[in-house]
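Welcome! Here are some short exercises on empty space in a protein and on what fills it. Have a look at the model first, then work through the steps.

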Amino acid sequence: MIKKQINQKDSLDIELLNSIGYDYVFNNSPINRLKNQINNPSKQNENKHEKLIKLKEEINSINDCKLKNNASKIVFADGNIQSSIMIVGEGPGQKEDELGKPFVGDAGNLLNKMLSAIKIERKKVYITNVVNYRPPNNRKPEQSEINRYSKYLKEHISIIDPKILILMGSTAMEAILGSNKRISNERGQWKEVIIKQKIYKTIITFHPAYLLRKPDQKKFSWEDLKIIRKEINQQNIEI
Ligand code: URA
């Protein structure tokens with residue numbers, strides 16, 4: 001039996017957990033978070049670093065992929081691996097493919113402005129994409145590609161272990177929540193997403209590239225950004 005402490009406040013469906021195939025022990029007493037913390041942050045960082053290198057190698061060794069075959073290089077991630085905030089976009093564009101970094105083109109400039117509007121410096125968050133290679137002609141990744149890369153994305157999220165997960169755009173939403181959802185219905189609400197048996201506080205919002213095409217939608221994004229800022233304050237996240 002796997003013993004897993006679940007906080008009293010975590011609203012988990014026991015049936016759902018059982019269906020995943022794990023035995024959980026629900027504790028009635030509060031979790032002692034201090035006791036559970038790994039006391040050595042540099043060791044923790046080192047482990048994260050090693051795991052990220054391994055994940056990047058795994059993605060690098062993907063074969064038979066139209067995205068990889070067309071791209072000039074892998075675009076893995078950018079930012080602070082210790083951040084409590086993780087942002088997931090769709091996939092690299094031309095500039096990202098040239099520089100090997102996510103969100104460095106026009107959409108990236110808008111993302112930076114959106115973050116600074118809620119007093120977040122870009123370098124303090126961690127940013128990645130669903131697919132790590134530029135799709136030909138910047139097309140949306142196909143469903144089979146989203147499915148293929150979502151395995152790596154979930155591993156990536158689990159390694160970074162953020163307190164807040166921000167999914168930008170329908171591709172990021174589909175990679176984590178499945179394909180039968182509409183972003184206009186799902187955006188702007190906190191969701192508890194289970195990845196590798198851990199709950200992640202998650203919000204879906206519009207992708208900056210979509211906002212560049214449809215500036216009239218920015219008002220909804222602004223609402224979402226304020227919700228994100230409120231949660232950062234409530235969780236006392238230093239950013
Ligand atoms: N759009 C994305 O989704 N990701 C990037 O890195 C750049 C543009």
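**Exercise 1. How do the residues of the lining of the largest cavity divide into nonpolar, polar and charged?**

Before you start: this is a predicted model, where local features need pLDDT of at least 70, side-chain atom pairs count only at pLDDT 80 or more, and totals for chains, interfaces and linings use all residues. Residues are numbered from 1 along each chain as its sequence is written, and side-chain values use heavy atoms, with hydrogens and water left out.

Step 1. Learn the terms. On a 1 Å grid over the protein atoms alone, a cavity is a set of points where a 1.4 Å probe fits but cannot get out, and lining residues have an atom within 4 Å of a point. Ala, Val, Leu, Ile, Met, Phe, Trp, Tyr, Cys and Pro count as nonpolar, Asp, Glu, Lys and Arg as charged, and the others, Gly among them, as polar.

Step 2. Find the residues. The lining of the largest cavity includes I87, L111, M114 and T205.

Step 3. Sort them. The result is 10 nonpolar, one polar and no charged.

Step 4. Add the setting. The volume of the largest cavity (the space filled by probe spheres set on the points, which are joined across faces, edges and corners) is about 50 Å³. Helix α6 (helices are DSSP runs of H or I, at least four residues) gives the most to this lining, with three residues.

**Exercise 2. Where does the ligand sit?**

Step 1. Use the rule: more than half of the molecule's atoms must lie within 2 Å of the grid points. A pocket is an open set with protein on both sides within 12 Å along at least five of seven lines.

Step 2. Apply it. The ligand sits in the second largest pocket, whose volume is about 690 Å³. Among the residues closest to the centre of that pocket are E90 and H207.

**Exercise 3. Which atoms of E90, G91 and H207 lie by the ligand?**

Step 1. Look for polar contacts (pairs of N or O atoms within 3.5 Å).

Step 2. Read the distances. A backbone N or O atom of E90 is 2.6 Å from a ligand oxygen, and a polar backbone atom of G91 is 3.1 Å from a ligand nitrogen. For H207, a polar side-chain atom lies 2.7 Å from an oxygen atom of the ligand.

Step 3. Check the cover. With accessible areas from the Shrake-Rupley method (1.4 Å probe), the ligand taken alone exposes 240 Å², and the protein buries 92% of that.

Note on methods: Polar contact = N/O pair within 3.5 Å; in protein donor to acceptor, adjacent residues only side chain to side chain. Helix = DSSP H or I, 4+ residues; strand = E, 2+ residues; numbered from the N terminus.
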